[in-house]
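Colleague: I'd like to talk through the inside of this one. Can you pull it up?

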Amino acid sequence: MTVEKIFDELGHFKRFQACLYFAAVFQAIACGIHYLASVFLVETPNFVSSVSDNITDILYGNVTGTSLEEILPIFKLGSGPLVVKTAEGEQWELSRCRCTLRIDPTDFTYDYDGNKTVKECKGNFVYDHTEVYQNIVTDWDLVCDKEWLAKLCQPTFMLGVLIGALVFGDMADRVGRVKILMFTSVCQFGLGVAVAFSGNYYFFVVLRFLLAMVSSGYLVVVFVYVTEFTGIKVRTWTSMHVHAAFAVGVTVVALTGYLVRVWWIYQIVLSICTSPFLLFCWKFPETPFYLMAKGHYEETQKLLNVIARVNGLECRLKAEDLLEPERKEYGRGLLKEDTEDHSSKPEKNLSILDLFGSWRMAGRTCTVWAIWFIGSLGYYVFSLGSVNLGGNQYVNLFLAGAVEFPSYLVGCFAMDRIGRKKTCAPALLLAAFACLLIIVVPADIEILAIALSMIGKFGIAIAFGLIYLYTCELYPTIIRSLAVGSGSMMCRVGSVVAPFCVYLADIWIYLPQLIVGILALIFGVLTLFLPETLGKPLTTTLEEAESLGLKPSKKNAALGSKDADDRLELNQHGAKA
């Protein structure tokens with residue numbers, strides 16, 4: 001099928017495609033919003049267990065006060081308890097998850113060597129409202145023995161992302177791209193608002209899981225949609241900059257989190273940010289690739305006429321013309337079968353095992369999967385973990401989103417000038433060295449740690465953005481979709497693992513970055529062994545794909561050896577016949 005003729009005749013990225021592209025990508029902002037919204041929804045603010053509301057005096061080292069709220073902003077975990085005195089004369093030492101009663105104290109001092117009675121917290125917590133006024137942690141007391149419930153929210157969301165990509169990616173091939181885009185867009189808005197009124201933790205998690213499915217579904221299908229409406233000359237840029245829309249969503253989360261400190265209002269504001277898209281998404285046309293594949297030639301012709309009219313061109317292209325070369329080839333194929341019996345091998349059913357058909361292809365597949373994995377893992381570790389780096393958490397998250405814009409521009413220019421491999425490998429190595437340098441940064445120089453983290457995010461974003469196109473070029477037509485699909489699965493695995501990696505910051509603040517740095521270093525070196533695909537035509541057979549990157553003499557030898565094996569197999573097949 002030569003549907004690509006459309007772009008040669010009607011333009012690769014003219015007025016019609018541009019309007020459609022920016023409208024479709026606008027809704028992708030909502031995906032970035034919902035993916036990162038949990039940064040502030042489930043953030044655990046500073047808190048202590050409290051014993052009563054009639055506290056009269058408080059000691060914290062050399063600091064004194066009369067209310068917990070005024071002391072909590074300077075209270076640090078592991079630096080000692082808060083000592084309080086009640087109106088009844090009792091003295092308590094308060095920490096996060098327990099209260100200690102002093103037995104018969106004589107003076108009200110911070111240090112005490114007498115007898116004490118330890119009591120478990122009874123659900124009476126006081127929170128620091130400096131950064132977060134109200135979220136699900138403060139509303140439902142998801143701390144101490146319930147802390148794991150708060151930490152389960154983001155992994156559950158990412159599990160929904162994985163399932164949504166599988167479900168809606170398959171449905172888009174069955175019922176069409178536009179129907180899935182419309183359905184997931186409406187559900188993003190409806191479920192996003194419903195989360196704000198969830199009322200309890202379990203309902204909240206279920207709604208967020210469903211929201212993850214539809215958000216992931218939209219993001220997967222919109223990549224296909226914009227790719228099938230833009231020509232090959234601009235396809236690199238259009239596919240890369242869908243990621244840029246996602247980055248806009250990250251910055252929107254940071255700005256909204258700073259301005260709105262009540263979680264349910266924050267959730268509603270985020271959900272209505274892209275609601276104008278619902279007013280015109282129902283006017284989106286189906287892609288010409290899908291219409292032709294389903295045999296809807298009349299609808300295809302109407303679409304061609306509309307594209308030509310909007311682009312200010314005369315439509316001389318007919319839908320039937322797009323199939324003519326294929327029909328000729330089909331006719332030749334029938335003739336060849338009639339005149340040359342047993343001249344070709346029986347058609348082979350391909351599976352994921354064909355990605356590992358030889359040692360060379362197996363090594364390539366493992367490396368590509370590793371890049372998909374570290375791209376996703378690193379992306380979400382840098383984004384979700386940015387609020388733990390010190391300084392202003394809202395500024396940190398905003399920078400984590402903003403740094404993606406130059407990364408995609410640099411990535412696009414570098415891919416088309418120095419090549420895919422020479423862009424991906426240095427990007428991963430840059431991220432690795434930035435992460436590893438964080439280890440030697442003194443704890444009191446927060447700005448340097450933040451800068452190194454942003455450099456790491458810059459490098460990871462480049463590798464993550466180009467791996468989609470690079471994977472397509474590394475594999476032949478017969479298993480290309482399988483290669484991209486399996487790589488996308490590894491990407492989702494990385495996104496599920498990422499929240500657990502971020503939680504390792506409780507052990508050491510830079511441990512997540514250290515893990516990403518080590519993996520990026522290893523995978524960056526492995527990337528150097530991949531073949532370069534810049535300027536190379538797309539391969540159609542496994543033999544052509546396997547020969548990518550080989551020197552001409554080795555390439556001919558490999559193809560000759562493969563041909564000999566094929567002839568031997570055909571002779572054996574003929575003998576059996």
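What follows is a short chat about packing and cavities.

Modeller: Quick caveats: this is a predicted model, where local features need pLDDT of at least 70, side-chain atom pairs count only at pLDDT 80 or more, and totals for chains, interfaces and linings use all residues. Residues are numbered from 1 along each chain as its sequence is written, and side-chain values use heavy atoms, with hydrogens and water left out.

Colleague: Which helix gives the largest share of the largest nonpolar core?

Modeller: A nonpolar core here is a set of buried (under 20% relative accessible area, 1.4 Å probe, protein chains only) Ala, Val, Leu, Ile, Met, Phe, Trp, Tyr and Cys residues joined through side-chain atoms within 4.5 Å. The largest one has 132 residues, and Phe204 and Tyr380 are among those touching the most other members. The largest share, 15 residues, comes from helix H8 (residues 201–227).

Colleague: How many residues of H14 are buried?

Modeller: Helix H14 (a DSSP run of H or I, at least four residues, numbered from the N terminus) covers residues 359–384 and reaches 37 Å from its first C-alpha to its last. It's mostly covered, the buried count being 22 of its 26 residues.

Colleague: Which residues line the second largest cavity closely enough to count?

Modeller: On a 1 Å grid over the protein atoms alone, a cavity is a set of points where a 1.4 Å probe fits but cannot get out, and lining residues have an atom within 4 Å of a point. H2 (15–36), H7 (177–196) and H10 each supply at least two of them. The lining is Gln27, Ala30, His34, Ser185, Gln188, Phe189, Leu270, Ser271, Thr274, Ser275 and Leu278.

Key:
Helices (H or I, at least four residues) and strands (E, at least two) are DSSP runs, numbered from the N terminus. The expected span of a helix is 1.5 Å times one less than its number of residues. Buried means under 20% relative accessible area, exposed over 50%, partly exposed in between (1.4 Å probe, protein chains only). On a 1 Å grid over the protein atoms alone, a cavity is a set of points where a 1.4 Å probe fits but cannot get out, and a pocket is an open set with protein on both sides within 12 Å along at least five of seven lines; lining residues have an atom within 4 Å of a point.
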